[in-house]
Amino acid sequence: MIELANISKNFGKVQALQGVSLSAEAGSIHGIVGENGAGKSTLMKILTGFTSRSGGEILCRGKKISLDRPSDAMRFGIGMLYQEPLDFPQLSVLENFMAGEAAFAPGQARADLARLAAAFGFVFHPDNRVETLTVGERQQLELLRLIHGGARLLILDEPTTGISERQQEQLFAALRRLKADGAAILLVSHKLEEIDSLCDTVTVLRHGRVAAAMRCPFDRQALLQAMFDSLPERLSPPQTATGKEPVVEFDRVVVTVGRAGLHEATITVRTGEVVGLAGMDGSGQAVFLKIAGGFLPPESGQIRRFGRTLPNGCGCSRDVAFLPADRLAEGLLPGMTLREHHILAARGHIFLSAATGLAGSRRAIDDFNIKGHPETTAEELSGGNQQRLLLSLIPDEVRLILMENPTRGLDVQSADWTWQQLHRRKAEDGAIIFASPDLEEIMAQATRVVVFYDGRIILDTPTAATDYHEISRAITGEAGTTGPSDEVGRSGLLPD
Amino acid sequence: MRYVQFMKHPLFSRFARISVIAGLALGGVGLLLFTLGISPVDIGVTLARGSILSLQKFGHVLTIWIPLLLCSCGLLFTFRAGLWNIGIEGQVVFGAIAATLLLREENLGLPAAATLILAHILSFIGGGLWAAFAGFLKNRGGVNEIFGGLGLNFVAQGLILWLILGPWKRAGVASMSGTEMFARELWLSTPPGWRLAPAALVIACIAFAATAVLLGATRFGLQIRATGINPTAARLFGIHPGRTGLLAMAIGGGLAGLAGGLQVSCVYHRLLPSISSGYGYLALLVVMLAHYRLRPVPAICLFFACLAAGSIQLPIVLKLDSSLAGVIQGACVVSALLVHGLQKRQRGEL
Amino acid sequence: MKDFATFRHVLIFLGVLLGVSGNPLNTVAADYPFGLLMVGPANDHGWSQAHFEAGQAMEKILPGAKMLYIDKVNPADRPGITIPMLVDDLVGKGAKLIIGNSDDMKDGIREAAAMHPEVQFIHISGDDALTGKSGANLSNLMGRMEYGKMMAGFTAAMTSTTGKIGYLGPLINAETRRLAAAAYLGARHAWVNVLKKPAAELQFKVNWIGFWFNIPGVTSDPSLVTGSLFDSDYDVVISGIDTTEALVVAGQKKKAGKEVWAIPYDYQGACAVAPEACLGVPYFNWIPGYTKMIGEAMNNKWQQQFLWLGPDWQAINNPDTTSIGFMPGNAMGDPQKKALADFQQALAKGLNLFSGPLNFQDGSTFLKAGETATDAQVWNLPQLLEGIEGASK
């Protein structure tokens, strides 16, 4: 129904997609898989008209079309089900169902909704407000709205994250039925189970290119190999003597923030450890770090840091440093100069003059090789220099460093340098916990790997005792065969 | 020579920007007046004569400038912390009530000077507590400070009406015209021939200096700014955004309360329902016109005070309604917002 | 450079503001400019307009007199502006005498008079000249509106079919108590002595709104108060406030078919708002008082005095001689007109309704049988009278 030929897209110098071709046939389900940053989102944005392509062609029923804005996509019958439902929570089910329709006909819409819901076995009260619905129900409603709006190509982005088993079954049944009715479906997922059971064909993206295209049934091993970069079999993981003192202890911690949340996470990180958190984006790593930092109170369960239970809503402790993924939005103060950042990070300095903190700031700029001067504002720095600035702000007394994507946007030298600094900074009696989409980085830097899947810890093992395949299998939802191999305890709750 | 450089610069320099704002605002108002058949020059001359061209009139201008400056300083604290302190009117009212609490007592047994000092301290505390209450509602109750402040404004207005009509009314009189005048020695003293109390001027200048130091040259000021810029990141620097915001509210409210205290001690010498004189809302315009910066605030306050004081002349001399001054004020603020908005856009597109 | 930023702001604003002016806007030199501060708008069809028109008349009557005026002088309409400031402005424009037309301005006028000993002040409705709270440059002027209010009460009682009369009061003070009591006494006189009905069947209720005119959000809404009086069978409402809401509402009710009337206040032309519902209006005529006081000041014969001027009983509506008047309205019937004329005759001959026995509202004795009230007792009436419903303080 829709054919993509040789699509490419670049953002400045960054090549996000390069020569990607695939076709979505009517009456079939086509899977798209790939690592974080493989180019899946960009591809979907092009298909839905949010982003324009830099090269290549899109054919709809054999005719060249241009997708310059979302309304074009709607006109060609392309509908997308987003990970976060794009609905209006304050409006009623019926009002949401009618949204985007040209004609205002509530009576007709009510009848249509009832008919469609019955056909798919969904249950809706048209006058309930959408905010009272579960994510799964909102997804069902969104699906009906798209079908009602005439969508013949449905794109689903990680549709099963955070929905119940029963809703998942309903969704799969609905998708199979739509397929039988002649719709074309693109399913973006990292859960190979789903791909296996639903898809007729699958395209694997890696680094913006098509790494493989397969027909059903799939060779699981080949699929995994296509998805992830091949790595040297054995990197030498850093060997650090693991101390006995607990730094962070999670005891059955539950939160429902985000799509996946965190389900009964129990884990103890001890002094000397460098823990790498792996998993697809939004599987629970970010939430885990926020809780460990004290920025998010758990809904149930307990956290202890350095043996003390964390008071709720604190987050401003001086022995923990947190380096967020979005450095400018979450970690730095745009509009403030480097000097002002350093003054705030250091102690003392009640009264300030133009010279206050200047020497300290200059020293930090030199030490951390930041391309800027004390009066440069944070937003004027490049991404790599922003990360250096964040590193330079870590106070000396910090014993726990929490990081999201520590080397994102950094070139190889900068990344190496950053890790040297981190290992140097890590006190004997402290620990580092970091999340990274880059398995190589985890294997190279972490002494222990924890893999998140759907808000659960699915694998928790010393780096030395695992390998690259086990981790990639865990990321895609397959529990590893290696058991807990150290006394630290593997406490992730495996799905049955 | 310098002017040529301005013209070359892609963004307006500060000087050029102010000219553009003034030109836009006054040009717009002038055009409006012209179409109504009123001479803008007459208006300008009348306003100037009624405000700066006599020492006595300038005293009146300063009487308005003082509370306006105090309120504007208060708002700088809250704006820097990223908070919209709409409740400032209520804080002025509450400060006035707090000062009146002491000043209306006849037998405190304290010397007049001590009573006055205490009354002004109390007005600061009163305004500060009222603002902190709005901050508390935000931190604990999740009530946006705009709605909380607005609600508290109504509460303060109700409270002052109740006090004036109820417990604090003049003997035998139930009137909106205010409480009994304070004892003469409890007026902030005004030398013969002066039109304002020098002490009030000193208080205002000290408050402005303190604001400049606290916001511009202390760690605390930096923390307030950090909270306003990015509360998420501020926490990484060990700053408690809620607590810092609350403190900014309390200080801002305290300055507004002090303005209220001075309104009773040196302007009206009694408590009346419209004691705030709308200075809180006017100060919001001042601070917006100043683009939330400290330096231009005294000048803009002075300009607004001149308009307000000079506008009395409009009905006397030109038989025009004095609300014209409000039109000029509004036009200035809209022009400033427009210019800042355009600049931002220009910068964004560059 | 930065130090100049602040100055630059001022200079730029003021520079543009001033422009280059060739028109120096000099005030017209007059022999005797005088200033008038009005609490309400100059065209309020009430208290302030009566003053304004008297001020205009002065320019004709007293050659050389020239009025400067500022209206809406109250803290709600002019936030932040005080009486001394306005007086400074008027004096700056050359005013040699200042009139403040509201009781509310008492404190401010007193303060301004102390600041400007060279300028004469007339405070309307105050009594500083009596109590000695001010210097010799401040006099008081008031009309004996008691008579006007008595006529209003008389007409109301003669007209009412339900025997329920409402009084729309402003704020509560000695003046307003005095006037409400006078209206009641007039009504009671008509009810008992003319209509020969028992006093107990007359209901007289005062509702205070809180100020001389409506300030939204601060005072009670006079239109609503009047409406609720009419809705509870009060068929005549006497207005004690400076604006005409009572008559406007009566006119609306009249149009809707209800038999109700109103008696406005202050201004001779007040009935024009709704003539079909207007029984008449007791009004002030400030011309005689102004002429006397300003005339004396112009001729350097100023003396501090407390003037409480009554009607010219020979010609109660003569603008040159009477200080208070009563203008009958279109809605007043002929029998009532005749009875009113008789009543006025009786008053002229010395009928004093402030005569004993009279009790205060709380039952205590105001005047024993045979006693009549002194001017001071009437001026400083501490309470409403027995028979009046409504708050006394």
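Author: Let's start with one definition: a residue counts as buried if 20 or more other C-beta atoms lie within 10 Å of its own. Please keep in mind that this is a predicted model.

Reader: Thanks! What share of the residues in chain B is buried?

Author: Of the 350 residues in chain B, 56% are buried.

Reader: What makes up the secondary structure of chain B?

Author: Chain B has 15 helices and 0 strands.

Reader: Why is chain B called as compact as a globular protein of that length?

Author: We set two values side by side. The radius of gyration of chain B is 21 Å, and the globule rule gives 20 Å for 350 residues; the two are close, so chain B is as compact as a globular protein of that length. Along its principal axes, the C-alpha trace of this chain spans about 70 × 60 × 30 Å.

Reader: What share of the contacts in chain B with a separation of 6 or more comes from residues 24 or more positions apart?

Author: Such pairs account for 76% of those contacts.

Reader: How is chain B divided into domains?

Author: Domain 1 of chain B takes in 19-50 + 315-350, and domain 2 covers 61-311. Their centres, taken over C-alpha atoms, are separated by 28 Å.

Reader: How do you know that domain 1 of chain B and domain 2 of chain B are in contact?

Author: The test is whether the C-beta atoms of two residues lie within 7 Å. Here 14 residues from domain 1 of chain B and 11 residues from domain 2 of chain B take part in the contact. On the domain 1 side, α3 (40-49) and α15 (324-349) of chain B are the elements that give two or more residues, and α15(B) gives the most, with 9 residues. By class, this side of domain 1 has 9 nonpolar, 5 polar and no charged residues.

Reader: How many residues of chain A are in contact with chain B?

Author: There are 21 residues of chain A in contact with 17 residues of chain B. On the chain A side, α10 (327-331) and α11 (338-345) each supply at least two residues, and the largest share, 4 residues, comes from α11(A). By class, this side of chain A divides into 13 nonpolar, 5 polar and 3 charged residues.

Reader: Now for the sheet in chain A. What makes β16 and β20 of chain A edge strands?

Author: The order of the strands in this open sheet of 6 is β16-β17-β18-β13-β19-β20 (chain A), with mixed pairing. Both β16 (320-323) and β20 (456-462) of chain A pair on one side only, and they are the edge strands. Neighbouring strands of the sheet are turned by 15° against each other on average, direction ignored.

Reader: How do you know that strands β13 and β18 of chain A pair?

Author: Two strands pair if there are at least two bridges between them. Strand β13 (residues 274-278) of chain A is joined to strand β18 (residues 431-435) of chain A by 4 bridges, so the condition is met. These two strands run parallel, and A:Gly276 stands opposite A:Phe434 in β18(A).

Reader: Which helix of chain A packs on the sheet?

Author: That is α16 (residues 468-475) of chain A, which touches β13, β19 (448-453) and β20 of chain A. The direction of α16 makes about 25° with that of β19(A).

Key
Residues numbered from 1 in each chain as written. Chains lettered and ligands numbered in written order. Predicted model: local features only at pLDDT ≥ 70, side-chain atom pairs only at ≥ 80, totals over all residues. Rg over C-alpha atoms; globule rule 2.2 N^0.38 Å. Buried ≥ 20, exposed ≤ 12 C-beta atoms within 10 Å, placed from the backbone. Axes fitted to C-alpha atoms, helices over the stretch in contact; angles between N-to-C directions. Domains from an automatic or database assignment. Nonpolar A, V, L, I, M, F, W, Y, C, P; charged D, E, K, R; others polar.
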